[in-house]
Amino acid sequence: MAWTNPYTYKVGDLAGVDVNMTTDLTDNLKWLYNPPGARRRKNSAQAITTNVITTLALDVTVYDTDNMAVGTGVDCQTAGDYLVGGNVVFAADPGLSGGTNKRARMARIYNSDRQLSLGEHDILGAIETSIQTDLVPIYRGSLVVGDSVALQAYQTSSGGTLSAAVDGTNAPVLYAQWIGG
Amino acid sequence: MLINCRRGNTLWTDPAALQFQNGAKVGATVLNREIRDNLRFLHDPPSALATHDSNQTISKDDALSDFYVLDFSRTVKDTGEIHGGGDIGPYPATAGMRTTIAGAWLQQAIVPFDVSYLSEREIKGLQFTGGIAVVDGFHRSSHARTNSQGDARGETIPWVRIVPLPANDIRGVGALSMVEDSQVVSLVGIRQPLHGMHWLGGS
């Protein structure tokens, strides 16, 4: 069911004649109780090739109240204000150490429909990569019907690839929850 | 009847004030106020989002207790008197977001720091009500401590929290830069700084 702009009551209105109490009241209450939202994650490793912004192939749908789980991300089916967030854990790479142990790492919420980054968590210069890096991009703002939201990751190195860590707690996650009209 | 929030032309009215009784006639005024307007309120609750379109210089400061009050001068969204809704002088009013109703509020910020050397950067949750104060410690990106290898590093720090707040509480975002002489929160392409507040529910 969709949200219906609430009816403006008039003196003398009769339920079922002038106003549909089901669509105007009951369905709207149900809609507000369970608004659009989805959460997806990935359950297998995925290499992030150096210098390539990579869309994470999310393949497990944790919940979805509005048919938002489309492809490897989430699609907006209902326009509104959303809280969108993600989590990407770059595995530790102890093989690199000392002065060469420098990489950039970035995770972002990307609107592939509008080709627009909605929110990023990044460390753009040299960082210590011999330890795990946990990035949590967030976005809070409007989405319109047709917006396709993806979770993307990026890293640079002198060679090789990194995989986003995948286990019970560190699986890449993307969620989008409607919070207002 | 308790009316404790104005959101544009929509009020939240405590439904406990409305008592339906068998055989009673319910007037249109009551239905519009307590059904229509409350539904609209819940569908489009108090919410604001703001950004800033120019760089802000963060002077070096060695004290973790100090910070620079970030301004977010351009309103992206405001359902009514939240962004810039309070006097927080000497800081610009647009640095603050005012709660218009008590309840659980989502507060979020995204602060992109430009590339620099040898710097540690943090953001802090601020409260302006009754004088400025840090109310939410410090938050920094992973490994955002001083870069011991002396390489340039930029970073974007996202921050989100949900906290119960009273009405008319004014919140803001602070930034701290240590070690280096100056730091900017910059408009780097599409990485704009953002500050938002959104009412999630009563408490």
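This briefing walks through salt bridges, pockets, strand pairing and a few backbone oddities in a predicted model. Across all chains, a search of the whole structure turns up 8 salt bridges. The largest pocket comes to about 500 Å³, and the second largest to about 290 Å³. There is also a cis peptide bond, between Gly89(B) and Pro90(B).

**Salt bridges**

- Start with Arg140(A) and Asp81(A), which form a salt bridge with their closest N and O atoms 3.1 Å apart. That pair links distant parts of the chain: Arg140(A) sits in strand 11 (residues 138-143) of chain A and Asp81(A) in strand 7 (residues 80-90) of chain A, 59 residues apart.
- Buried or exposed: which is Arg140(A)? With a relative accessible area of 1%, Arg140(A) is buried, because anything under 20% counts as such. Its partner Asp81(A) is buried too, at 3% relative accessibility.
- Over in chain B, Arg36(B) and Asp37(B) meet through their side chains in a salt bridge, at 2.9 Å from N to O. Arg36(B) counts as buried at 14% relative accessibility, and Asp37(B) is buried with a relative accessible area of 10%.
- Another chain B pair is Arg98(B) with Glu81(B), where the closest N and O atoms are 3.6 Å apart. Arg98(B) lies in strand 7 (residues 97-98) of chain B and Glu81(B) in the loop between strand 6 (74-78) and strand 7 of chain B, so this bridge ties together parts that are 17 residues apart in sequence.
- The two ends of that bridge have their own settings: Arg98(B) is buried, with a relative accessible area of 13%, whereas Glu81(B) is exposed, with 53%.
- Shared partners also build a network, with salt bridges joining Asp81(A), Arg140(A) and Lys77(B) into one.

**The largest pocket**

- Which residues lie nearest the centre of the largest pocket? They are Ser117(A), Leu118(A), Tyr139(A), Gln192(B) and Leu194(B), out of 24 residues in the lining.
- Both chains chip in: strand 7, strand 9 (116-127) and strand 11 of chain A, plus strand 3 (47-51) and strand 6 of chain B, each supply at least two residues of the lining.
- Strand 9 of chain A gives the most to this lining, with 5 residues.
- By class, the lining of the largest pocket splits into 8 nonpolar, 9 polar and 7 charged residues.

**The second largest pocket**

- Here the lining takes in 17 residues, and Lys10(A), Asp13(A), Val26(B), Gly27(B) and Leu31(B) are the ones nearest the centre.
- The elements giving two or more residues to the lining of the second largest pocket are helix 1 (21-33) of chain A and helix 1 (28-43) of chain B.
- Helix 1 of chain B gives the most to that lining, with 3 residues.
- Sorted by class, the lining of the second largest pocket has 12 nonpolar, 2 polar and 3 charged residues.

**Strand 12 of chain A and its partners**

- Of the 8 residues of strand 12 (residues 148-155) of chain A, 7 are buried, so the strand is largely enclosed by the rest of the structure.
- Strand 3 (residues 54-55) of chain A runs antiparallel to strand 12 of chain A, and 2 bridges join them. Thr55(A) has Gln152(A) as its bridge partner in strand 12.
- Strand 6 (residues 73-75) of chain A also pairs with strand 12 of chain A in the antiparallel sense, over 2 bridges. For Asp75(A), the bridge partner in strand 12 is Ser148(A).

**Backbone oddities**

- The cis bond joining Gly89(B) and Pro90(B) has an omega of about 10°, and Pro90(B) lies in the loop between strand 6 and strand 7 of chain B.
- Glu81(B), the salt-bridge partner of Arg98(B), has a positive phi of about 60° although it is not a glycine. Glu81(B) is found in the loop between strand 6 and strand 7 of chain B.
- Where does Asn67(A) sit? Asn67(A) is in the loop between strand 4 (60-64) and strand 5 (69-70) of chain A, and it has a positive phi of about 55° despite not being a glycine. At 62% relative accessibility, Asn67(A) counts as exposed, because the cut-off for that is over 50%.

Key:
Residues numbered from 1 in each chain as written. Chains lettered and ligands numbered in written order. Predicted model: local features only at pLDDT ≥ 70, side-chain atom pairs only at ≥ 80, totals over all residues. Heavy atoms only, no water. Salt bridge = Lys/Arg side-chain N within 4 Å of Asp/Glu carboxyl O. Helix = DSSP H or I, 4+ residues; strand = E, 2+ residues; numbered from the N terminus. Buried < 20%, exposed > 50% of the residue type's maximum accessible area, 1.4 Å probe, protein only. 1 Å grid on protein atoms, 1.4 Å probe; cavity = no way out; pocket = protein on both sides within 12 Å on 5 of 7 lines; lining within 4 Å. Points joined across faces, edges and corners; volume = space filled by probe spheres on them. Nonpolar A, V, L, I, M, F, W, Y, C, P; charged D, E, K, R; others polar. Pairing = 2+ DSSP bridges.
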